[in-house]
Amino acid sequence: MNAAIQSAGYRGDAGRWQAVQNRDAEADGQFYYSVSSTGVYCRPSCGARPALRRNVRFHDSCAEAELAGFRACLRCKPDQPPLAERHAAAVARACRLIDAAEEAPDLDSLAQASGMSRFHFHRVFKAHTGITPKAYSAAGRARRLQEGLAGAPTVTDAIYAAGFNSSGRFYAASSEVLGMSATTYRAGGSGASIRFAIGACSLGAILVAATDKGICAILMGDDPERLVRDLQDRFPRAELRGAELDFEATVAKVVGLVESPAIGLDLPLDVRGTAFQQRVWQALRAIPSGATVSYAELAERVGVPSGARAIAGACAANPVAVAIPCHRVVRQDGTLSGYRWGVERKAALLEREGKA
C-alpha cells in the first residue's frame, strides 16, 4: 500500500481503532492510543489485553499522550525506538561483546547484557544475523586465526590468540575452519593441490576446479585467462595443476550440467563459506530444476524472514555455478536480477529449465 494512502487511513478514529484491534505494526509511529482504565498509552501493535473502545483515546505523539496524563506502556515501550530497532541494537552490542572477548561469552551472559531471556535472545540474534551466537563466535575465531597465522611466531600461538582454548579443539575442526591444515594455510595455501581445466560450452568458457575432496569452483565467462586469474586469486599459493587427461571426464560432466541443468551433478562438492552461506547454498540445492524462488522466499526457507539482502550476498558468493543453482533465485515479481556470471547466462539456464 502507498505510504501516503496508508497514513491517511490512520487519521480518523475509526481507522485508528481498526488498526488497534488488528494490532497493525504498520500503524506504529503514526499514532498512539491511551487506555483510561489503566492510565497507560501504547503503540497500535501492542500485545496487551484488548481495551474497551469507550476507554480508548488516540494521540498523535508520545508527548501529547503524556501531557494528557498517561504513562508509557511497559510492554510495547512506545516512548522508545521500535522493537526492530531495539533488537538490531541489542544484536549489534552482542556482536561487539563477542568480537572483543578473548573467550566466547556464553549464551546466558549475552542474553543478560541484551536484557532478554536466553531463548528470546537466541531467536532474535539468529533472525538478524542468519546464524546463531555460537556460529558467529566460531566465524570470528576463524577470521582471527586466518589473520594471525601469517604473523604469529608459531601455529600454536595463533590458535590461542584467536580464542581457541585448546589446540585439540582447533585441530578437531581445522578442516572446516581453514579448508586445509593450519601449517599449509600459514604458508598461504602452499602445497594444497587443485586440479583444473578450461572447457567450452554454449554459454562461453567454463573453468572447473577440484580438490581431492570434490569440486571447489565452477566459473563461467567470456575470457578463459580471466577465469584462471580468478582461480589463482582464490587459491594464491596452492598448486594448480592443469591439462590432466583424467580430469577431462569431470569437466565433461559439468559441461553436460550446463547444457541440461535438469540432469543434476553426481559429483561431490568441496565448497567452504560461512555457516550462513552454507545454509543458503544447501537451500539452493533443494530447489528443483524448473522452479524458481524469490530472495524473500529463500530467506523464509533458511529462517531469516527479513534477510533477503543477506541471501543475495550469499548467492553472489557462490563459487560453483549451476551445481549450486543460484540462477533459480529471482525478484519478487519474477523478473531476473543480477547474476555473478551475467544475467544473459541466467536467462539461458532458466530457459533450458523451462522457466524463462
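Which residue in β3 stands opposite Val35? Val35 of β1 faces Val56 there. The structure is a predicted model, so local features were taken at pLDDT of at least 70, side-chain atom pairs were counted at pLDDT 80 or more, and totals for chains, interfaces and linings use all residues. Numbering starts from 1 along each chain as its sequence is written, and side-chain values use heavy atoms, with hydrogens and water left out. Helices (H or I, at least four residues) and strands (E, at least two) are DSSP runs, numbered from the N terminus.

Back to that strand, then. β1 and β3 run antiparallel and are joined by four bridges; two strands count as paired if DSSP finds at least two bridges between them. β1 also pairs with β2 (residues 40–42), again in the antiparallel sense, over three bridges. On that side, Val35 has Val40 as its bridge partner, while Tyr33 stands opposite Cys42. The β1–β2 hairpin has four residues between its strands, and Gly39 takes a positive phi near 75 degrees. The side chains of β1 split two ways: Tyr32 and Ser34 point one way, Tyr33 and Val35 the other, and all are buried (under 20% relative accessible area with a 1.4 Å probe, protein chains only; exposed is over 50%, partly exposed in between).

Zooming out, these strands belong to an open sheet of four, in the order β3-β1-β2-β4, with mixed pairing. β3 and β4 (71–72) stand at the edges with a single partner strand each, so one side of each lacks a neighbour in the sheet.

What about the rings? Aromatic rings of Phe, Tyr and Trp (the six-membered ring of Trp) pair if their centres lie within 6.5 Å; planes under 30 degrees apart count as stacked, over 60 as edge-to-face and the rest as tilted. By this rule there are four aromatic pairs. One of them is Phe31 with Phe58, edge-to-face because the centres are 5.8 Å apart and the planes at 80 degrees. This pair links distant parts of the chain, as Phe31 sits in the loop between α2 (13–22) and β1 (32–35), Phe58 is in β3 (residues 56–59), and 27 residues separate them. Phe31 is buried at a relative accessible area of 0%, and Phe58 is buried at 12%. Tyr339 and Trp341 also make an edge-to-face pair, since their centres are 5.5 Å apart and their planes at 70 degrees. Both Tyr339 and Trp341 are buried.

Some rings have a charge for company. A charge sits over a ring if NZ of Lys or CZ of Arg is within 6 Å of the ring centre and within 35 degrees of the ring normal. The charged end of Arg53 does this with Trp17, at 5.5 Å from the ring centre, and that of Arg118 does it with Phe119, at 5.3 Å.

As for the nonpolar cores (sets of buried Ala, Val, Leu, Ile, Met, Phe, Trp, Tyr and Cys residues joined through side-chain atoms within 4.5 Å), the largest has 58 residues, of which Ile206, Ile215, Met220, Leu284 and Ile311 touch the most other members. A second, separate core of 15 residues includes Ala19, Val20, Tyr33 and Val40.

Two members of the largest core deserve a closer look. Met220 lies in strand β7 (residues 215–221) and is buried at 4% relative accessibility. Its C-alpha atom is 7.4 Å from that of Ala321, although the two residues are 101 apart along the chain. Contact means heavy atoms within 4.5 Å; leaving aside neighbours within four places in sequence, the contacts of Met220 include Leu203, Ile206, Val258, Ala321, Tyr339 and Trp341.

Ile311, with the same neighbours-within-four exclusion, is in contact with Phe276, Val280, Tyr295, Leu298, Ala299 and Val302. Along with Ala314 and Cys315, Ile311 is a buried residue of helix α16 (residues 308–316). These three cover an arc of only 100 degrees around the axis, which puts them on the same side of α16; the arc is that of the directions from the helix axis to the C-beta atoms. An α-helix has 3.6 residues a turn, so residues three or four places apart point the same way. The buried residues of α16 pack against α14 (275–285), α15 (295–301) and β10 (329–330).

Finally, Thr250 is found in helix α13 (residues 248–259) and is buried, with a relative accessible area of 16%. Beyond four places in sequence, Thr250 is in contact with Val208, Ile215 and Leu267.
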